[in-house]
Amino acid sequence: MDCKDCQKLVSAAVDNQLNKETFESFEEHVDGCSACRAEYELESITKSAVRTRVKMVPTPGVLLQRIAERLDQETALADDDRKRWWSDLLRWPVLRPTIAFSAAFVAVLLILNRSAGSNVIEQSLENYRAVVNGEMKPEETSGSPEILKRFFTGKTEFQVLVPEMKDCRLLGGLLGEYSGAPVAHVVYMHDTEVIYICQVCWETVLEGEALNLSSKAKDELQRTGWYSETRPDGYTVVLWTKGNTLCSAVAMMSEADLIACLTSANSAESTEW
Ligand SMILES: [Zn+2]
């Protein structure tokens, strides 16, 4: 059996659908060929994960860690290569099962989006979890604020902010919407913690139809420009406004640490932050 024949049989072998004779020659080839063996093992892992419905995300943020590692190489890459490495990333063995699940999650997320209402804080928390679990993936992966700003340019009626924050690395972003209102998602990493920033049109939130906030949060934002709370499960949400942009940052960090990261951008040149 050659590699080509062997790889055609991988899926059937994992599913136990080969007759004894074919399986023996399959096994014989796989024993002596590391490339086909890798393919066979990968397929077994993927299928057993799907079967047992075990999510193969050993630690939160593993996908984002990988992005961070890959971003180290980014400066050397041209635009096309950058797009390609994102798709390469999806082929990494440990990530395959997660991706097998994402189709199912899309349906779940749509329902969650609706049932969470359009409260910006609740929505940000949902999104944070989706990002950490790899269910929500960046459309543009870049460590460069300029590239990400260019990605968002002209797509929203509010200005999307992509600050350079101290000790934080930018990973990427994507554009979405709730009930027709555009939402920009920007993702950073601080050490091993993910910082997710949801950005929406402040005017739309004040109107309160497509998006809303509790009156407590709204009042405090209008009074001071900031609002924050830490949930009993340890998630901190920090909201602030800048022009017509409402930002809502979520991280598994203390309020003090998250605010320190977010305000570290202030001290830099930043006229826009
Ligand atoms: Zn082979």
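# A zinc site, a sheet and a helix with two sides

In this predicted model, strand E1 (residues 140-141) and strand E2 (residues 168-178) run antiparallel and are joined by 2 bridges. That pairing belongs to an open sheet of 7 strands. The chain as a whole has 11 helices and 7 strands. Let's walk through the sheet, then a helix, then a zinc site, and finish with a few backbone details.

**The sheet, strand by strand**

- Within the E1 and E2 pairing, Thr141 has Gly172 in E2 as its bridge partner.
- E2 also pairs with strand E3 (residues 181-190), again antiparallel, and here 10 bridges hold the two together.
- One of the matched positions in this pair is Arg169, whose bridge partner in E3 is Met189.
- E2 and E3 make a hairpin with 2 residues between them. In the turn sits Ser179, which has a positive phi of about 40°.
- E3 pairs with strand E4 (residues 193-201) in the antiparallel sense, over 7 bridges. If you look along this pair, you can find Tyr188 opposite Ile195 in E4.
- In what order do the strands of the open sheet come? The order is E1-E2-E3-E4-E7-E6-E5, with antiparallel pairing.
- E1 and E5 are the edge strands, as each of them pairs on one side only.
- A handy rule when you look at any sheet: in a regular strand, side chains alternate between the two faces.

**Helix H10 and its two sides**

- Helix H10 covers residues 215-224, and its buried residues are Ala217, Lys218 and Leu221.
- Why do the buried residues line one face of the helix? Seen down the axis of H10, they fall within an arc of 100°, so they line one face.
- A general point helps here: an α-helix has 3.6 residues a turn, so residues three or four places apart point the same way.
- The other side of H10 has exposed residues: Ser215, Lys216 and Arg223.
- What do the buried residues of H10 pack against? Their partners are helix H7 (120-132), helix H9 (202-207), strand E5 (226-230), strand E6 (236-242) and strand E7 (245-251).
- Just after H10 comes Gly225, which has a positive phi near 85°.

**The zinc site**

- Which residues supply the protein donors of the zinc ion? They are Cys3 (SG), His29 (NE2), Cys33 (SG) and Cys36 (SG), and they lie 2.0 to 2.3 Å from the ion.
- The site is tetrahedral, with angles of 101 to 114° among its 4 donor atoms.
- For comparison, the ideal angle for four tetrahedral donors is 109.5 degrees.
- Along the sequence, the donor residues follow the spacing C-x25-H-x3-C-x2-C.
- Cys3 in helix H1 (residues 3-14) and Cys36 in helix H3 (residues 34-52) are 33 residues apart, so this pair links distant parts of the chain.
- Is each of these two cysteines buried or exposed? Cys3 is partly exposed, at 35% relative accessible area, whereas Cys36 is buried at 0%.
- Cys36 touches Cys3, Cys6, Gln7, His29 and Val30, leaving aside residues up to four places away in sequence.
- Cys6 is 30 residues from Cys36 along the chain, and their C-alpha atoms are separated by 7.1 Å.

**Backbone details in the loops**

- Asn16 is not a glycine, yet its phi is positive, about 60°.
- You will find Asn16 in the loop between H1 and helix H2 (20-32), where Asn16 counts as exposed at 68% relative accessibility.
- Asp191 is not a glycine either, and its phi is positive, about 50°.
- Asp191 lies in the loop between E3 and E4, and Asp191 is exposed, with a relative accessible area of 64%.

**The chain as a whole**

- Of the 273 residues in the chain, 47% count as buried.
- Among contacts with a separation of 6 or more, 58% are between residues 24 or more positions apart.
- The chain exposes about 13,700 Å², and carbon and sulfur atoms supply 50% of that area.

Conventions
Residues are numbered from 1 along each chain as its sequence is written. This is a predicted model: local features need pLDDT of at least 70, side-chain atom pairs count only at pLDDT 80 or more; totals for chains, interfaces and linings use all residues. Side-chain values use heavy atoms; hydrogens and water are left out. Donors are N, O and S atoms within 2.8 Å of the metal (3.2 Å for Na, K and Ca); water is not among the atoms, so sites may look incomplete. Four donors count as tetrahedral if all angles lie between 85 and 135 degrees; four count as square planar and six as octahedral if opposite donors are over 155 degrees apart and all others between 65 and 115; anything else is irregular. Helices (H or I, at least four residues) and strands (E, at least two) are DSSP runs, numbered from the N terminus. Buried means under 20% relative accessible area, exposed over 50%, partly exposed in between (1.4 Å probe, protein chains only). Two strands pair if DSSP finds at least two bridges between them. The arc is that of the directions from the helix axis to the C-beta atoms. Contact means heavy atoms within 4.5 Å. Accessible areas come from the Shrake-Rupley method with a 1.4 Å probe; for residues, only the protein chains shown count as cover.
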